[in-house]
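I opened this notebook to keep track of what I looked up, one topic at a time. The entries follow the order in which I went through the two views, sequence and model.

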Amino acid sequence: MIITKPRDWARIRANLESISARRVFLVGCGQCATVAKTGGERELIEAAARLEEDGYAVTGWAVGEVACHLGGTKLEARKRVGEIEAADALVVLSCGAGVQTVADSVDKPVFPGLESAFLGNVIRAGIFEERCQTCGECVLDLSAGICPVTTCPKGLLNGPCGGMWDGKCEVLADRECTHVRIRRRLAKQGRPVPGAVPPKDYSAKLKPGALDLREKARGHA
Amino acid sequence: MSKLADALNLGEFVITGEVGPPHGTDLSAMLASVERLAPYCHAINVTDNQGATLHVSSLAASRAVLDVGSEPILQQTCRDRNRLALQSDLLAASTLGLENVLIVTGDDPRCGDHPKAKGVFDIDSTQLLAVASGLNDGVDMNGTPIDGSTNLFIGAAAFPEAEPWDVARERALQKIAAGAVFFQTQAVMDVDVFTEHATELREAGAKVIAGVLLLKSPRVIRFINERLAGLMVPEAIARRIEDAVDPLEEAIVLATEQVESLRGAVDGVHIMPLGNDEAFVRVVEGAGLV
């Protein structure tokens, strides 16, 4: 899931002030931002109260099934058309993907209400860690299911670096070195240590990523 | 031909020093240091944005060292440049007459003076060693022939006292396979452990130049233990310096003892006097290396 964090409230206010907005419609997300406790119903109610405290009028709020789904978000916007029409601006408590989907779905200024942080694993409720960069060229087969691209702060494919000490990471000294973990897991599973990993193909992750399964089905890809 | 390579190939016990390029355009302090150290060194390392902090590039500063008649060891980290820039700089090094290169990963930007910088790490030090070997063989990293190959004497970093050693050893052997001909190491703490592990790397075919650090004050020791991961000063050594009437004098004696013990066990020493060039000279002279 996409992990989001609250955005500096002063920036949200400054965004609204930049267009002299006084009436605001709030949008959340029923998926990631709900799980991350940043853009679910509870957080929207809190944000609405805070906006009202600061003198803004909240014309309404909506938490659709998933903010980044264009069809669903357009449908949600049509259901709330009156409240959205009454607003000067929308603030979206979701990741940047959701913010852009909302901006494509309504004809009003849309501002981000959160900061998008990373693609995260849910370790326990409320505890998230980044394990995957969606790099487009998976190396987990070579690294015993531990991603060095993500979990080594330097993203080294071959390690450890010279800062490893007592099995610990140089940069995040309270953590075990990713490359030591990889070696230990390979050994425990009786797997051979792969040789030097060649340089990564960053063209596998050119921006902007796009995938059209329908095009494939039509035989164009 | 690199004098460093010649000396190592002849089995001489080599001495290398280190200078840091300035944070600005005034090279005078660096060149004064070069002038003081050069008579005692086979070559002098020129650091590459050391500590992930902004300095004149190692490329330009290495050429400045060459221009005053000394032999530099260009340092190249993988932190600040992608594969195009790294290859471009290695080619540039050859056109500038630079022959020795030490290839390292580099400290993470969040440790330095520009913590908001993006750490590049497009390729890692093992991969860059292989790239440098390829340039020596006349091909870029795509395997495309280049017009005029490099003639680089390629080195890497190693940490013989790292724990777990099995993992650190494997990494060092990987660097030899990728093209590292010599190692310059992190600072020696326990000479016996160091020598045992360095011997494994020498038996694998690499020359080992041992790092000797002047632990010139209790403050330096605290800094190393608290701020620099990857290097821990053992209690006995820390106490020896801290309890000394004159910690600097004791540090010089300690470094001299280390150099004496390493002579015959490794291929040379890389002395890091932490800015105290007079101490460098005293260690070299004290160990009878002049």
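**Barrel of chain B.** I looked first at the strands of chain B, where a closed barrel of eight strands runs E1-E2-E3-E4-E5-E6-E7-E8 with parallel pairing. From one strand to the next the twist averages 30°. I noted that two strands count as paired if DSSP finds at least two bridges between them, and that helices (H or I, at least four residues) and strands (E, at least two) are DSSP runs numbered from the N terminus. Axes are lines fitted to C-alpha atoms, for helices over the stretch in contact, and angles run from 0 to 180 degrees between N-to-C directions.

This is a predicted model, in which local features need pLDDT of at least 70 and side-chain atom pairs count only at pLDDT 80 or more, while totals for chains, interfaces and linings use all residues. Residues are numbered from 1 along each chain as its sequence is written, and chains are lettered from A and ligands numbered from 1 in the order in which they are written.

**One strand pair, and a helix across two strands.** Within chain B, I followed strand E6 (residues 182–187) and strand E7 (residues 207–213), which pair in the parallel sense over four bridges. Which residue of E7(B) does B:Phe183 stand opposite? I found B:Val208 there. I then turned to helix H2 (residues 28–37) of chain B, which lies across strand E1 (14–19) and strand E2 (43–46) of that chain and runs at about 165° to E1(B).

**Helices H10 and H11 of chain B.** The axes of helix H10 (residues 247–262) and helix H11 (residues 277–286) of chain B come within 9 Å and cross at roughly 45°. That angle makes H10(B) oblique to H11(B); angles under 35 degrees count as roughly parallel, over 145 as roughly antiparallel, 65 to 115 as roughly perpendicular and the rest as oblique. The crossing of H10(B) and H11(B) is right-handed, a word used if the near helix is turned clockwise from the far one by less than a right angle, with left-handed for anticlockwise. In H10(B), B:Ile252, B:Ala255, B:Thr256 and B:Val259 meet B:Ala279, B:Arg282, B:Val283 and B:Gly286 of H11(B), contact here meaning that C-beta atoms, placed from the backbone, lie within 7 Å. By class, the residues of this contact of H10(B) with H11(B) are five nonpolar, two polar and one charged, where Ala, Val, Leu, Ile, Met, Phe, Trp, Tyr, Cys and Pro count as nonpolar, Asp, Glu, Lys and Arg as charged, and the others, Gly among them, as polar.

**Helices H4 and H6 of chain A.** In chain A, I looked at helix H4 (residues 70–79) and helix H6 (residues 96–105), whose axes come within 9 Å and cross at roughly 55°. H4(A) is therefore oblique to H6(A), and their crossing is right-handed. A:Leu70, A:Thr73, A:Lys74 and A:Ala77 in H4(A) meet A:Thr101, A:Val102, A:Asp104 and A:Ser105 in H6(A). The contact of H4(A) with H6(A) has three nonpolar, three polar and two charged residues.

**Sheet of chain A.** I found an open sheet of three strands in the order E1-E6-E7 of chain A, with antiparallel pairing. Strand E1 (2–6) and strand E7 (127–130) of chain A stand at the edges, each with a single partner strand, so one side of each has no neighbour in the sheet. The twist in this sheet averages 65° from one strand to the next. Strand E6 (residues 114–124) of chain A is joined to E7(A) by four bridges and runs antiparallel to it, and A:Arg124 has A:Ile127 in E7(A) as its bridge partner.

**Backbone details.** I noted a cis peptide bond between A:Lys207 and A:Pro208, with omega about -10°; A:Pro208 is in the loop between helix H8 (178–188) and helix H9 (213–217) of chain A. Another cis peptide bond joins B:Glu163 and B:Pro164, with omega about 0°.

**Overall form.** Chain B has 11 helices and eight strands. Its radius of gyration is 18 Å, close to the 19 Å that the globule rule gives for 290 residues, so chain B is as compact as a globular protein of that length; the radius is taken over C-alpha atoms, and the rule is 2.2 Å times the number of residues to the power 0.38.

Methods:
Contact = placed C-beta atoms within 7 Å.
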